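Let's take a walk through this model together. We will begin with one pair of strands and then step back to see how the parts of the protein meet.

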Amino acid sequence: MKHLLSAGDLDRDEALLVLETAEKLRELADRPIKKLPTLRGRTIVNLFFEDSTRTRISFEAAAKRLSADVINFSAKGSSVEKGESLKDTALTLEAMGADAVVVRHQSSGAPHRLAHSGWIQSCVVNAGDGSHEHPTQALLDAFTMRRHLGALDGRRVAIVGDVLHSRVARSNVLLLSTLGAEVTLVAPPTLLPVGVERWTCATSYDLDAVLPKTDVVMMLRVQRERMNAAFFPSAREYSRRYGLDAARMAALPEHALVMHPGPMNRGMEISADVADSTRSVIVEQVTNGVAIRMAVLYLLLAGAGSAVDDTVPEQRRGRA
Ligand code: NCD
């Protein structure tokens with residue numbers, strides 16, 4: 001595979017290959033020297049047209065841990081503000097010899113355009129496009145679930161909140177169903193997308209009915225920046241019906257995990273005590289994100305041919 005544009009592009013074996021590769025690379029996070037020589041001499045551009053903290057930093061850390069050269073491009077303060085098009089930006093990157101472009105864009109489909117336009121030769125990784133997809137987030141979420149719960153076949157995952165505007169929800173539904181999990185989207189009717197009945201998941205308006213039967217509850221941020229109308233009466237009303245607080249968390253089975261892709265609106269979709277509770281794996285999701293992005297960059301750029309195991313001893317030799 002040359003690009004990673006959608007979680008739906010991965011079949012079960014490919015998804016498992018990414019997750020297992022990330023598992024090997026995850027060990028690196030616990031070592032004092034967190035670097036492998038695998039992508040030395042390769043150039044990775046982080047092309048961010050939309051604000052981001054953890055995704056951009058995560059891709060940067062991943063590329064650097066694989067010894068690639070990283071160029072960070074953010075639209076703010078660049079010629080994009082002077083009206084430069086996606087095409088001209090792409091041609092500039094191509095001229096600089098980028099091997100991979102990690103792109104986040106406010107328009108759904110921008111990464112596909114970049115990958116299939118013929119403007120550039122590099123691999124394209126979708127780091128979030130509009131309300132469409134965010135495949136590496138789904139991969140790091142699945143990775144985090146598997147570390148706690150083992151294989152995901154038959155596991156029940158509730159994704160709760162602003163599904164309508166969420167690329168995280170969309171990518172998670174695609175990937176989790178490929179991995180055999182049963183997903184239920186829980187939201188008020190106004191925050192479920194048109195056509196959701198054709199997605200490979202169930203839907204519910206009733207969070208309290210779903211919680212006792214779930215292995216993972218993933219809370220979504222209410223995306224006010226993408227809302228151009230009133231989708232619910234008030235923040236208080238929303239949080240009363242769809243927020244996860246300590247009382248609701250108590251209805252979850254003992255082993256259930258609480259997740260959130262970040263950034264959180266504490267007090268809105270999730271209460272502060274739940275976010276900081278022992279059930280919450282929210283900080284771990286961030287750590288795991290680096291391993292997943294390393295795996296994706298590694299598999300796209302170094303190829304599946306060379307096993308990760310070969311590079312790990314090299315680091316050990318380097319340190320000896
Ligand atoms: C998500 C995103 O940007 O799509 N965050 C992330 O990547 N960590 C979710 C969100 O913005 O709510």
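Do keep in mind that this is a predicted model. Strand E8 (residues 216–219) runs parallel to E9, and three bridges join the two. One residue to look for here is Val217, whose bridge partner in E9 is Val258.

These strands belong to an open sheet of five, ordered E7-E6-E5-E8-E9, with parallel pairing. At its edges sit strand E7 (202–204) and strand E9 (257–259), each paired on one side only. On average, neighbouring strands of this sheet are turned by 20° against each other, direction ignored. Helix H6 (residues 167–178) packs on the sheet and touches strand E5 (156–160), strand E6 (182–186) and E8. The direction of H6 makes about 165° with that of E5.

Now for the wider view: the protein is divided into domain 1 (7–133 + 286–316) and domain 2 (135–284). Here is how the two relate.

| Domain 1 and domain 2 | Value |
|---|---|
| Distance between C-alpha centres | 25 Å |
| Area buried between them | about 2600 Å² |
| Salt bridges | four |
| Residue pairs in polar contact (both at pLDDT 80 or more) | 16 |

Of the buried area, 57% is on carbon and sulfur atoms. In domain 1, Arg12, Leu19 and Asn288 lose the most area to domain 2, together 22% of what that side buries. In contact across the boundary are 33 residues of domain 1 and 29 residues of domain 2.

Arg226 and Glu50 form a salt bridge, with their closest N and O atoms 3.3 Å apart. Which helix gives the most to the side of domain 1 that touches domain 2? That is H1, with nine residues.

Methods. Residues numbered from 1 in each chain as written. Predicted model: local features only at pLDDT ≥ 70, side-chain atom pairs only at ≥ 80, totals over all residues. Heavy atoms only, no water. Pairing = 2+ DSSP bridges. Helix = DSSP H or I, 4+ residues; strand = E, 2+ residues; numbered from the N terminus. Axes fitted to C-alpha atoms, helices over the stretch in contact; angles between N-to-C directions. Contact = heavy atoms within 4.5 Å. Domains from an automatic or database assignment. Buried area = accessible area lost by both parts, 1.4 Å probe. Salt bridge = Lys/Arg side-chain N within 4 Å of Asp/Glu carboxyl O. Polar contact = N/O pair within 3.5 Å; in protein donor to acceptor, adjacent residues only side chain to side chain.
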